[in-house]
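Thank you for making time this morning. I would like to take you through two topics, pockets and cysteines, and I will give the cut-offs as I go.

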Amino acid sequence: MVGDHLVQPIIACIGFPIAGNPTQFVTERTLKTLGLDWCVVTTAVPSDLLEQALLGAKAMRFAALALLPPHQNEICNLLDQLTEAAQLSRQVQAAKRIEEVWVGHDLRGEAM
């Protein structure tokens, strides 16, 4: 990831519905443990607004997205690249910005 190191990187957790999902809590604890001062936001994004949400994340130069249901399949056709695991599974739990390219990752497949 690249960006202005004076600006706090942002990770957005997007899904629908979102209430009760622990992703933001877990991500914040992980970042804190790693000593990273990043911001995590959670937003409810209905499926029909997913493409607009991705365009907004690109425009605001977010560092990454955590994809929650139902977006883990839908996002595959909107990202610039998918890892091999994501290509095979058509599942993306995380999308990461590398320079200006958004890469989708199937974290379950990559962990194996």
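I will start with the pocket and then turn to the cysteines. What you see is a predicted model, in which local features need pLDDT of at least 70 and side-chain atom pairs count only at pLDDT 80 or more, while totals for chains, interfaces and linings use all residues. Residues are numbered from 1 along each chain as its sequence is written, and side-chain values use heavy atoms, with hydrogens and water left out.

The largest pocket (an open set of points on a 1 Å grid over the protein atoms alone, where a 1.4 Å probe fits, with protein on both sides within 12 Å along at least five of seven lines) has a volume of about 320 Å³, taken as the space filled by probe spheres set on the points. Its lining, meaning residues with an atom within 4 Å of a point, comprises 16 residues, and Ile 11, Thr 27, Ala 64, Ala 94 and Leu 107 lie nearest the centre. The helix α1 (a DSSP run of H or I, at least four residues) gives the most to this lining, with 4 residues, while β3 and β5 (strands being E runs of at least two) each supply at least two.

As for the cysteines, the whole structure holds 0 disulfides, a disulfide being a pair of cysteine sulfur atoms within 2.5 Å. Why does Cys 13 form no bond with Cys 39? Because the sulfur of Cys 13 is 10 Å from that of Cys 39, its closest cysteine sulfur, which is too far. Cys 13 is buried, at 0% relative accessible area, whereas Cys 39 is partly exposed, at 26%; buried means under 20%, exposed over 50% and partly exposed in between, with a 1.4 Å probe and protein chains only.
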